[in-house]
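Morning, everyone. I have one structure to walk through today. Please put it up on the screen and follow along.

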Amino acid sequence: MKRLIRECIENLTPYPPGKPIEELERELGIVGSIKLASNENPLGPSPKAIRAIKENINNIHRYPDGSSYYLRQKLAKKFGLPMSKIILGNGSNELIKVIVHTFLSPDDEVILSLPTFLLYEKVVQSFEGKIVTVPLSNFWIDLPAILTAVSSKTKIIFINNPNNPTGKALKKKEISHFLNSLSPDVVVVLDEAYIEFATDPKVVSAVELLESYPLLVVLRTFSKVYGLAGLRIGFGFTSESVIEGMNLVRQPFNVNYLAQVGALAALDDDKFVEKTLTLTRDGLEFLYSQLDRIGLKYVPTQTNFFLIKTPLGAGETYQRMLREGVIVRSMESFGLSDYIRINVGLPEENKRFVKTLEKILS
Ligand SMILES: Cc1ncc(COP(=O)(O)O)c(C=O)c1O
């Protein structure tokens, strides 16, 4: 019989089917649960974005501007780049897919670190690429080992900086050295979804390295520090020739109207960004001190989330926390079966997390 679903798609691991919080609560007979599982902004969306969306809601009968002109203009000014080097996506997730779609032919090799953001692998598999994995070194992305793994077939390298799920970040100098050592015909995707949270002054965006490496694509998102995950909007910086290729593949109206409106306003919301960063840093300090008190190991982070080693194992800890109304992320699917990952929540959510963790461990 004729194969319907392509073989490479059939072999994909399904994304764990999440349920709406309301449905989970109904099933478990609980109310008021908290979610610390998706690295979202606990403060909610940027207030400036909310206002702008409300003011522009009556325009949604129109198709959005397919070039995201004003948003690219504003990003260009903010980051000191020409508009022609900026591309917008339906979340940075979409840009990951567009990059692979644009550059990858079947059997081309793609280098990934392990563990890292799961989407890279899935997208590469769906375009029949060959995945070459390079294990992390003590939770860090191992750039020298990646260089060793490069072959004449390597087409794309994904680097998540800071890395999800470990929260470790590479310094700009290390990335610069890496790019200088690389053959210039490899597309390097530097996913900086969490770069704004980094506190190490040597961990900064690789935007300034674009000039020296034309096949570098730097990805950013409005989902985290701006609190707009539900709108689905992210952006990328790269050379004009890469953008030209990506524009051939992306859908003409990939970024919806309200996402553009909200993102434009959020870029002016420095106060909200500052508040988010302070909340995150204070929250991390609190959580670290509590975990030290309890005697649990964790992996210090440069992001708004981090790994905690749990004596119960990831799956059991996740289940027990869930029954108490605290949703965390089990790291089993990342191959870290002793770890859970949480993001920083509001102060009261952080306290509840600690209290619940102590309860289920006792
Ligand atoms: C490493 C990484 N990149 C990208 C994304 C997705 O970003 P977006 O919401 O812009 O698609 C996430 C979301 O969790 C992420 O962890």
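Let's begin with the overall layout. The domain assignment splits the protein chain in two: domain 1 covers 16-44 plus 270-361, and domain 2 covers 47-266. Keep in mind that this is a predicted model. Taken over C-alpha atoms, the centres of domain 1 and domain 2 are 26 Å apart.

Now the contact between them. Domain 1 puts in 25 residues, and domain 2 puts in 22 residues. Look at the side of domain 1 that touches domain 2. Two elements there, α11 (270-294) and β10 (305-309), each supply at least two residues. Which one gives the most? That is α11, with six residues. By class, this side of domain 1 has 11 nonpolar, 11 polar and three charged residues.

Next, the ligand. How many residues surround the ligand? The count is 13, and the closest are Gly-91, Asn-93, Thr-221, Ser-223 and Gly-234. Helix α5, residues 91-103, provides the largest share of that shell, with three residues. What about the chemistry? The shell around the ligand has nine polar residues, three nonpolar and one charged.

Let's move to helix α8, residues 172-180. Find Ile-175, Phe-178 and Leu-179 on your screen. These three residues of α8 are buried. Why do they line one face of the helix? Looking down the axis of α8, the buried residues fall within an arc of 95°, so they line one face. Here is the general idea. An α-helix has 3.6 residues a turn, so residues three or four places apart point the same way. Now turn to the other side of α8. Lys-173 and Asn-180 are exposed there. And what do the buried residues of α8 pack against? Their partners are α7 (143-149), β6 (187-191) and β7 (216-221).

Walk back along the chain to the loop between β5 (154-160) and α8. Pro-162 is found in this loop. The peptide bond leading into it, from Asn-161 to Pro-162, is cis, with omega near -5°. Pro-165 lies in the loop between β5 and α8 too. The bond from Asn-164 to Pro-165 is also cis, with omega near 20°.

Now for some backbone angles. Asp-107 is not a glycine, yet it has a positive phi of about 75°. Where is it? Asp-107 sits in the loop between α5 and β3 (109-114). Is Asp-107 buried or exposed? It has 10 other C-beta atoms within 10 Å, and the cut-off for exposed is 12 or fewer, so Asp-107 is exposed.

Arg-232 is another case. It is not a glycine either, and its phi is positive, about 65°. Look for Arg-232 in the loop between β7 and β8 (234-237). Arg-232 has 19 C-beta neighbours inside 10 Å. Buried takes 20 or more, so Arg-232 counts as partly exposed.

Last stop: strand β3. This strand is mostly covered, with five of its six residues buried. What does β3 pair with? Its partner is strand β4, residues 130-135, and the two run in the parallel sense over six bridges. To see the pairing on screen, pick Leu-114. It stands opposite Pro-135 in β4.

That's the tour. I'm happy to take questions.

Notes
Residues numbered from 1 in each chain as written. Predicted model: local features only at pLDDT ≥ 70, side-chain atom pairs only at ≥ 80, totals over all residues. Near = placed C-beta within 6 Å. Helix = DSSP H or I, 4+ residues; strand = E, 2+ residues; numbered from the N terminus. Nonpolar A, V, L, I, M, F, W, Y, C, P; charged D, E, K, R; others polar. Arc of directions from axis to C-beta. Contact = placed C-beta atoms within 7 Å. Domains from an automatic or database assignment. Pairing = 2+ DSSP bridges.
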